[in-house]
Each structure stands twice: as structure tokens, then as C-alpha cells.
Amino acid sequence: MKIVMLDGDTLPQSPTRPEWCTEWDFRGVTSHSEIVSALRGAHIAMTNKIPLRADTLRQLPDLRYICVAATGYDCIDLDACREQGIVVSNVPGYSTRSVAESVIGSLFALRRHLVDYANSTRSIWPTSSHFCVHRQPIQDIFGATLGVIGKGDIGSAVGTMAQALGMTVLYADRQGSSQPRAGYVPFDEVLARSDVLTMHCPLTPQTQQLINLQALAQMKPSAWLINTARGGLVNEVELAQALKQGVIAGAALDVLTQEPPAADHPLLQSDVPNLLLTPHIAWASQQGVTNLLQGIEGNLAAFAAGKAQNVVS
């Protein structure tokens with residue numbers, strides 16, 4: 001049985017090759033034009049972010065299984081897979097703790113302006129006339145309100161951690177919902193009340209650019225935005241505009257719509273203030289990577305045994 005990994009360089013280390021695998025092609029990078037040739041004759045494909053759409057899948061009659069090396073599977077055309085009898089699995093929950101802790105870390109970094117103070121201390125502290133230097137106002141975490149969009153495993157874990165820190169946690173209902181579900185708060189109310197808003201919902205046609213200039217304008221000018229989910233949840237051009245204009249206090253982003261981004265991306269420019277930007281590594285704690293590798297290996301073994309697990313299609 002031939003197994004091909006399309007974008008292995010997205011993993012710090014590779015999963016163990018199964019003993020039953022007759023051909024193992026672990027590719028670090030695969031361009032769009034190479035996908036079909038790379039997967040020709042493959043029975044199993046592994047991908048993290050490289051898309052497998054209908055026009056590609058139609059050219060791969062031998063493909064029987066796709067293991068997504070992630071929790072999100074929006075890179076896969078599930079309808080086309082159903083039509084061709086291709087089973088698709090993901091690795092759910094592997095990064096819950098890592099991403100949740102990353103969000104909490106961003107909370108402290110943003111509310112306490114840690115990046116600004118750390119970057120300026122070497123130059124400004126020696127010239128200070130006092131024992132301390134006051135720059136940006138420092139805000140406590142305790143007593144602040146955290147709005148959470150998405151109440152899955154990660155959103156719930158973030159909420160639990162935030163409550164342990166003394167925060168009030170609001171889970172946003174779907175935008176436009178006429179009657180909020182039990183345990184949820186109307187979307188617009190969450191925008192208005194939150195001191196920090198964190199994104200943990202899937203990227204769907206309904207959530208595409210959910211956070212735009214109109215939504216940002218409903219937030220407090222002192223509020224912060226955190227996104228560790230999918231870049232497409234945020235209108236990035238309008239967020240850059242909002243940060244420059246002080247519509248909100250700032251943001252911490254670990255994801256962008258295009259990854260890697262172009263050098264001229266509006267959020268990569270030096271004139272965008274109060275932005276903490278990291279390269280999609282919220283998931284990648286050592287334990288998170290271990291969980292992912294074990295999940296991939298478990299999915300492959302289960303499919304080979306005829307008992308596919310974590311099936312999404």
C-alpha cells in the first residue's frame with residue numbers, strides 16, 4: 001500500500017512509517033502543479049494544508065483514504081470524496097491544551113504590553129530618572145471579560161482557563177441568531193461587552209470574515225482581538241485599518257488567510273500598531289506535536305485494519 005505525505009515540512013518530525021506500508025513517499029513540500037503526479041498510484045494521502053479538490057481527486061482513481069494531519073479539514077472537498085468513496089479522517093483534539101495556553105499567553109502579553117516593554121527596556125531604562133518606566137497602561141486579567149466565538153474543545157478549554165484567572169467568560173451565539181441558545185450570549189452583545197475577543201470557530205461560508213470593520217466598531221476601543229483559529233475569519237485589510245485608527249486597542253494573530261503571507265500583506269507592515277503576530281505555531285507545543293503524530297499513526301493503523309477512525313467523510 002502506497003502512502004504519500006504532501007507537506008511533511010509542516011511537521012517538526014515525521015510519523016513512523018507503518019510496517020504494512022509498501023511504499024512511503026514523505027514529501028516536504030508539494031506545489032499545486034505537482035499534487036496529481038505526487039499522488040498517482042497512492043492509496044493513502046496525508047496532507048496538512050495542501051488542498052485536495054474535486055478536479056484533483058478525479059485524477060486519482062487509486063486513492064482510498066486521506067489522513068488530514070490537523071483538526072481542521074477545510075482543505076478537503078468532502079463532497080467529492082464521498083462521490084469517489086474516499087474516506088477522510090482528521091486528528092481531533094491534539095492541540096487543545098497547546099492552543100488554549102497560547103491564547104492565555106497572548107492575554108497576558110496584550111493586557112500587560114509585554115512586547116513593548118521588553119523591546120524598549122534596554123534603551124529607555126538606563127536613561128530613566130526613576131526606578132520604573134511607565135509607558136503603556138498595564139491592565140489586570142482578573143475581572144476582565146473574555147468573549148469566546150466557538151465553544152468546541154479549544155474554546156471551552158480557553159474559557160475554563162480564563163475563569164480560573166478570575167475572568168468573566170461569554171460564549172457568543174451564532175451571528176444573527178434570533179434566540180440565543182442556553183449557555184450562549186447574543187453575538188453583538190459579546191462584541192460590545194468583551195475586553196478580549198478570541199476566535200475558535202471553524203471557517204465556513206457563514207463565518208468567512210466574521211470579524212470585519214463593522215464588527216470591530218462594535219467592540220470597546222480598549223478591547224483586544226485574538227485569533228488562533230483560521231485567518232479567513234477576519235477581514236485582514238479592515239483589521240489593519242482598525243488598528244491604525246485605534247478602533248480597538250490591538251490584536252494577537254497566529255493565523256492569516258494566506259500562509260505564508262506575501263511580504264506586502266497589510267498586517268505585516270511596520271505602521272500597524274499594537275499587533276502581536278506569530279507564524280501559526282499556537283498548536284506546536286512539544287506535547288501537541290506528540291499528540292498529532294500519535295493521532296496520524298493511529299488513523300493509518302485503523303484504516304489498514306478496516307476500522308477507520310476519526311472519520312469526517
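Here, a residue counts as partly exposed when its relative accessible area falls between the buried limit of under 20% and the exposed limit of over 50%. By that yardstick Asn310 is partly exposed, because its relative accessible area is 32%. Keep in mind that this is a predicted model. Below is a quick tour of the domains, one pocket, a strand pair and a few backbone oddities.

**Domains**
- The domain assignment splits the chain in two: domain 1 takes residues 2–94 + 287–305, while domain 2 covers 95–277.
- Going from the C-alpha centre of domain 1 to that of domain 2, you cross 32 Å.
- UniProt, in an unreviewed entry, lists residues 105–282 as "domain: D-isomer specific 2-hydroxyacid dehydrogenase NAD-binding".
- That stretch, residues 105–282, comes out as 29% helix and 13% strand. Its end C-alpha atoms sit 10 Å from each other.

**The second largest pocket**
- There's about 350 Å³ of space in the second largest pocket.
- Its lining is made up of 16 residues. If you want to find the middle, look for Asp173, Arg174, Arg181, Cys201 and Thr207, which lie nearest the centre.
- Sorted by class, the lining of this pocket is a mix of 7 nonpolar, 5 polar and 4 charged residues.

**Strands β9 and β10**
- Strand β10 spans residues 250–253 and is covered on both faces. Gly250 and Ala252 are buried on one side, and Ala251 and Leu253 are buried on the other.
- Strand β9 (residues 224–227) runs parallel to β10, and the two pair over 4 bridges.
- Within that pairing, Asn227 is the residue opposite Leu253 of β10.

**Backbone oddities between β10 and β11**
- The loop between β10 and β11 (275–277) holds Pro260. The peptide bond leading into Pro260 from Glu259 is cis, with omega near 0°.
- Asn274 belongs to the loop between β10 and β11 as well. Asn274 isn't a glycine, yet its phi is positive, at about 55°.
- Is Asn274 buried, exposed or partly exposed? It counts as partly exposed, because its relative accessibility is 37%.

**Backbone oddity after α10**
- Back to Asn310, which you'll find in the segment after α10 (286–304).
- Asn310 is another residue other than glycine with a positive phi, in this case near 55°.

Definitions and conventions: Residues numbered from 1 in each chain as written. Predicted model: local features only at pLDDT ≥ 70, side-chain atom pairs only at ≥ 80, totals over all residues. Heavy atoms only, no water. UniProt positions renumbered as here; feature names shortened; annotations may be inferred. Domains from an automatic or database assignment. 1 Å grid on protein atoms, 1.4 Å probe; cavity = no way out; pocket = protein on both sides within 12 Å on 5 of 7 lines; lining within 4 Å. Points joined across faces, edges and corners; volume = space filled by probe spheres on them. Nonpolar A, V, L, I, M, F, W, Y, C, P; charged D, E, K, R; others polar. Buried < 20%, exposed > 50% of the residue type's maximum accessible area, 1.4 Å probe, protein only. Pairing = 2+ DSSP bridges.
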